[in-house]
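Reader: I would like to go through this model with you and ask how each label was earned. Shall we take it piece by piece?

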Amino acid sequence: MKARKTKLMALLLTTSVVLAACGGTGAEGSSGNDAASGQAAPAAGDTAGDAAEASELVWWGWTPGSPLNEQYIAKFNETYPDVKITWKQTTVDDYDAAIKPALANGEGVDIFEVSAGSANGGVQVFGSKAIDLTDALKGYLGDDYADKLNEASLASMTVDGEIKALGVGTCYAGNLWINQDLFDQYNVKVPTNMDEWKEACATFEANGIIGFVQGAGQGAFNMDTWHAICDNVKPGEFTKATRGEAEWTDETFVKALNLWKSLFDEGIMQDGALGIQQYPEANNLFLSGQAAMIMMGSWYTMNCLPDTMRANMEAASSTDDPFAMVPINFPDIAGTGNVGYVFCDIDYATAVSTSAKDQKAATDFALWLGASEEGQQMIADSLNLVPVLKSVSPNWDNVTLVNAEKQNDAVQEYLSNAVNNPDNPRFGGIGADLNQAMMDVLAGVASGTMTAEEGAAHLAEVQAEQ
């Protein structure tokens, strides 16, 4: 589910981002053509080594947005100068409605973004309009391509045995981000349980600052918060339930729904939380220094880069200097000691339309962005996503944070924990009907129009119908 609507600018300045040097040979078992060799990677049905012909392609998507996507294209064009790609951006909420008729008409879409599961841009919904990239990936990385990529980048994008898109990076949720400068200014203890969380919020409120902010009017982020609560109550049960291996009416989920409600009753959620969206309202409140804590995932790490944070703060109508934000574990509100769990999906993946004007050139771009060291190093150093190519990680020697003393250890540990995350998907295992039911239940329980028991029963009913 992608809800990154923030404005980016000057993210990949050479002063803070150094791209990985390119190797001169392909991976063992491959054709020897890679994004660094100056030749196009072979697409299915093409002869290895054929140069991409002059092409004009249109790339549809919703994330991460301009100007970062244009920067990807510009770097790609250093190796593939004859392929002109135009980025066409929509909002998260408008993407499905906009791209569905375009794909049906078979015109104007050559490359398009998809996500895991059935959320916006879901591969289960739009995969039938994408070509199978299996052979192209084998030619690019070799027969052992699956060993070189994050498992989720393939598993979540495989439909009926065909790889319908290549994951670009994974995003993780389940943690909070805090404004460490505000915590230091008001001498507030970083919360580790419900009592400390309430105390922290009360201190900030007494000083005219929102303690914790959430756009509870945007259902996907409510699902993130509740998933974190479920993992706090009993790790792994949320994922089991989405797979039909646990019952939604079990005590775990009733308790988790009651704890969700307690965030509103105990003053953790700010007044009017159900009436605002996570993007832009909650995001803007946090980035403008009006709130001290927010529920966001690994995609938010990019705001640890000074230029990115400055641009996003300006978009939030703030002229303040960038501040030190750090990730913390979701507080142990269940009192179980189960903390530090995160859940992940492929943030987005690149698909090639079955009606693409030049499928080979479009495939070259998908492979470059999702499987080349050059493209994946751009992903890594932006701190926007965790790269799917296992050999690539952020070049920390050349990544400058807002405040290295406060952020360096916390951010590196956070991303390391995310990479080592067990099998715990974010939205990938949730079907469209259950997705909607969960958002409805969380809104109903929070507003008091539905009890926890009624909400759990409704989830069980929808699961059974699926």
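Author: Gladly. This is a predicted model, and we can begin with strand 3 (residues 111–114) and strand 11 (residues 343–352), which run antiparallel and are joined by four bridges.

Reader: What makes strand 3 and strand 11 a pair?

Author: Two strands pair if DSSP finds at least two bridges between them. Strand 3 and strand 11 have four, so they meet that rule. One of the bridge partnerships links I111 with V352 in strand 11.

Reader: Which sheet do strand 3 and strand 11 belong to?

Author: They sit in an open sheet of six strands, ordered 2-1-3-11-6-12, with mixed pairing.

Reader: Why are strand 2 and strand 12 called edge strands?

Author: Strand 2 (83–89) and strand 12 (386–387) each pair on one side only. Across strand 1 (55–61), strand 2, strand 3 and strand 11 lies helix 1 (residues 68–79).

Reader: How do you describe the direction of helix 1 relative to strand 2?

Author: Helix 1 runs at about 170° to strand 2. Angles over 145 degrees count as roughly antiparallel, so that is the word for this angle.

Reader: What is the strand order in the other open sheet, the one with four strands?

Author: The order there is 8-9-7-10, and the pairing is again described as mixed. Its edge strands are strand 8 (210–213) and strand 10, each pairing on one side only. On average, neighbouring strands of this sheet are turned by 25° against each other, direction ignored.

Reader: What makes the pairing in this sheet mixed?

Author: Look at the two partners of strand 9 (residues 291–295). Strand 8 runs parallel to strand 9, with three bridges between them, whereas strand 7 and strand 9 pair in the antiparallel sense, over three bridges. On the parallel side, I210 has A291 as its bridge partner and F212 stands opposite M293. On the antiparallel side, W177 stands opposite I294.

Reader: How do you know that strand 9 is mostly covered?

Author: A residue is buried when its relative accessible area is under 20%. Five of the five residues of strand 9 are buried. Two helices lie over this region: helix 8 (residues 194–206) lies across strand 7 (175–179), strand 8 and strand 9, while helix 12 lies across strand 7, strand 8, strand 9 and strand 10.

Reader: What angle does each helix make with a strand of the sheet?

Author: Helix 8 runs at about 125° to strand 8, and helix 12 at about 140° to strand 9.

Reader: Which residues of helix 13 are buried, and what covers them?

Author: In helix 13 (residues 306–315), T308, M309, A311, N312 and M313 are buried. Their cover includes helix 12 (278–287) and strand 10 (325–329). Just after helix 13, S317 has a positive phi of about 65°.

Reader: Why are helix 11 and helix 18 called oblique to each other?

Author: The axes of helix 11 (residues 251–265) and helix 18 (residues 452–465) come within 9 Å and cross at roughly 125°. That value falls outside the ranges for roughly parallel (under 35), roughly perpendicular (65 to 115) and roughly antiparallel (over 145). The two helices are therefore oblique to each other, and their crossing is right-handed.

Reader: Which residues meet where helix 11 and helix 18 touch?

Author: V254, L257 and N258 in helix 11 meet A452, E453, G455 and A456 in helix 18. By class, this contact has four nonpolar, two polar and one charged residues.

Notes: Residues numbered from 1 in each chain as written. Predicted model: local features only at pLDDT ≥ 70, side-chain atom pairs only at ≥ 80, totals over all residues. Heavy atoms only, no water. Axes fitted to C-alpha atoms, helices over the stretch in contact; angles between N-to-C directions. Left-handed = near helix turned anticlockwise from the far one by under 90°. Contact = heavy atoms within 4.5 Å. Nonpolar A, V, L, I, M, F, W, Y, C, P; charged D, E, K, R; others polar. Buried < 20%, exposed > 50% of the residue type's maximum accessible area, 1.4 Å probe, protein only.
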